[in-house]
Amino acid sequence: MNKTTLSLAAMAAVSVSVSAQAATPQEIHSQLLTEIGVLIQKISLYGDLYEGSRDNYVLELTTLQTELTADTELAKGEKYYRDKMNDIDARSIKELSYYLTFNDLTKKFDALAEEKKFWKDWLNMSHTPEYTKAFCDYKNGQIDGLKIDAKGKQITDYKDEKGYIEKGVISLEDLSSVQPGIYLWQGDITRLAVDAIVNAANSAMLGCFVPCHGCIDNAIHSAAGVELRLECSRIMEQQKTEEPTGKAKITKAYNLPCRYVIHTVGPIIYGEVTEKDGSLLADCYRSCLERAAAYQLKSIAFCCISTGEFHFPPEQAAGIAIQTVQDYQKKHQNSLEVVFNVFKDSDYEIYKQLLG
C-alpha cells in the first residue's frame with residue numbers, strides 16, 4: 001500500500017461524542033470528567049508524534065478538568081466544556097495528521113491485536129479502526145513505552161543489568177521478606193497486587209497538576225484512571241478544607257491491581273529537618289497503617305513519602321519509616337505485612353542497609 005497522509009476527516013472521527021440521552025446535571029458532570037480523562041490519556045499515548053506539543057494539549061485539558069471539578073453545578077454549561085474539549089481535540093488531530101503516515105495497514109497489527117487484545121480495545125475506545133492500525137504500524141510494535149516481542153509478551157522499555165524487566169502484576173508471594181512481615185521491593189508501585197498501596201499526595205488530594213510529571217502521585221492517578229480523581233474530589237468537597245499533613249484517606253484502586261489506595265500528605269522540607277518534620281512523617285506512616293487496619297487489610301506497600309518533590313532527606317526518611325512500621329508491628333501482633341517500595345537504586349541501597 002502506498003504511503004499516504006492520514007486524512008483530517010478520518011482523524012476527526014475520534015472527537016469526543018455527545019450523548020443525546022437526557023441526563024441529570026450530576027450525570028453530565030461525571031460524564032464530562034470521564035471524557036476529559038479519556039482525551040488526556042489518548043493525547044498522552046501519542047508520545048513523540050507531537051514533537052513536544054503533547055504536553056501543551058495535556059496542560060490545557062488538565063486545566064479544564066480542574067475548572068470542571070470545581071464547577072459541580074455546571075454553571076458554565078455543558079456546551080462550554082464540550083466546545084473546549086472538541087477544540088483541543090481538533091487542534092491535536094490536525095497537528096498529528098502532519099506527522100503520521102500510513103504504511104502497510106495489516107503489518108504486525110493482526111498478530112498484535114490477537115495477542116494484545118487489551119491494547120486493541122484501549123486504542124479503539126477513542127480511535128477509528130483505520131487510525132488504530134496506522135498508529136500501531138507507525139510505532140513498529142512499540143506502544144506507550146512497551147515493547148512487544150515475537151510471542152506478544154509485554155516487557156517494559158526499561159533495562160537493568162539483567163536485561164529487560166517483564167511488565168506484569170507483582171503479588172506478595174513473588175517477594176521475599178527481609179524481616180518478619182517486612183519486604184523490600186524495587187519497581188513500579190502500580191504493579192503491586194497488595195491490599196493497599198500508599199500515595200504520597202499533595203494537600204489538594206486531587207492528583208498531580210503537572211502534566212506528565214514523574215512523581216508518584218501522577219503515576220498512581222494515571223494508572224488508576226480518572227475515577228480515582230473523581231472519588232478524591234468527592235472526599236475533598238465533603239471535607240471543605242485541604243488535607244492536613246500526617247493524616248490518611250482511603251479510596252478504591254479502580255484500574256490498579258491492588259484493592260485500595262491510601263493517600264497521605266507528607267511534610268515539605270524547606271531547610272533543615274526539624275523534630276516536627278520527623279514527627280509528621282512518622283504520623284503519615286502510622287496513619288496509613290491504622291487506616292489499613294480499620295479496613296481489615298492484610299498487606300500494604302509504602303512509597304518513599306516526602307523524599308521526592310517534598311525534599312525530605314532519603315536516609316532520614318527511611319529510618320523514620322522503618323522505625324514507625326517496626327514499632328507498629330510490635331504493638332499489634334499478627335498485624336499488616338508491609339512492603340517498602342523504592343524506585344531509585346540509591347533508595348534501594350538505603351533501605352537494604354537499614355533493614356539488614
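Two strands are taken to pair if DSSP finds at least two bridges between them; helices (H or I, at least four residues) and strands (E, at least two) are DSSP runs, numbered from the N terminus. The model is predicted, so that local features need pLDDT of at least 70 and side-chain atom pairs count only at pLDDT 80 or more, while totals for chains, interfaces and linings use all residues. Residues are numbered from 1 along each chain as its sequence is written, and side-chain values use heavy atoms, with hydrogens and water left out.

**Whole chain**

Begin with the full chain, which has twelve helices and eleven strands. Of its 356 residues, 48% count as buried (buried means under 20% relative accessible area, exposed over 50%, partly exposed in between; 1.4 Å probe, protein chains only).

**The seven-stranded sheet**

Select next the open sheet of seven strands, in the order β5-β6-β11-β10-β7-β9-β8, with mixed pairing. The edges are β5 (177–179) and β8, each with a single partner strand, so one side of each has no neighbour in the sheet. On average, and with direction ignored, neighbouring strands of this sheet are turned by 30° against each other. Angles here run from 0 to 180 degrees between N-to-C directions, and axes are lines fitted to C-alpha atoms, for helices over the stretch in contact.

**Strand β7**

Move to residues 196–201, strand β7: six of the six residues are buried, so the strand is largely enclosed by the rest of the structure. Ala196, Val198 and Ala200 lie on one side, with Ile197, Asn199 and Ala201 on the other. In a regular strand the side chains alternate between the two faces of the sheet.

Now show the partners of β7. Strand β9 (residues 260–265) runs parallel to β7 and is joined to it by six bridges; alanine 201 has valine 265 of β9 as its bridge partner. Strand β10 (residues 299–302) also pairs with β7 in the parallel sense, over two bridges, and there alanine 196 is partnered by isoleucine 300.

**Strand β8 and the packed helices**

At the β8 edge, five bridges join β8 to β9, and these two strands run antiparallel. Threonine 251 stands opposite valine 261 in β9.

Then add helix α11 (residues 314–331), which lies across β5, β6 (182–186), β10 and β11 (337–342) and runs at about 170° to β11. Helix α12 (residues 345–355) packs on the sheet as well, touching β5, β6 and β11, and its direction makes about 160° with that of β6. Contact means heavy atoms within 4.5 Å.

**Helices α8 and α9**

Select residues 216–224, helix α8, together with α9 (226–239). Their axes come within 5 Å and cross at roughly 110°; the two helices are therefore roughly perpendicular to each other (65 to 115 degrees; under 35 counts as roughly parallel, over 145 as roughly antiparallel, the rest as oblique). Ile220, His221 and Ala224 of α8 meet Glu227, Leu228, Arg229 and Cys232 of α9. The buried residues of α9 include Leu228, Arg229 and Cys232.

**Two loop residues**

Just after α9, select lysine 240, in the loop between α9 and β8 (248–252). Its phi is positive, near 60°, although the residue is not a glycine, and at 72% relative accessibility lysine 240 counts as exposed.

Finish at leucine 74, in the loop between α3 (54–70) and α4 (78–99). Leucine 74 has a positive phi of about 55°, and at 13% relative accessibility it counts as buried.
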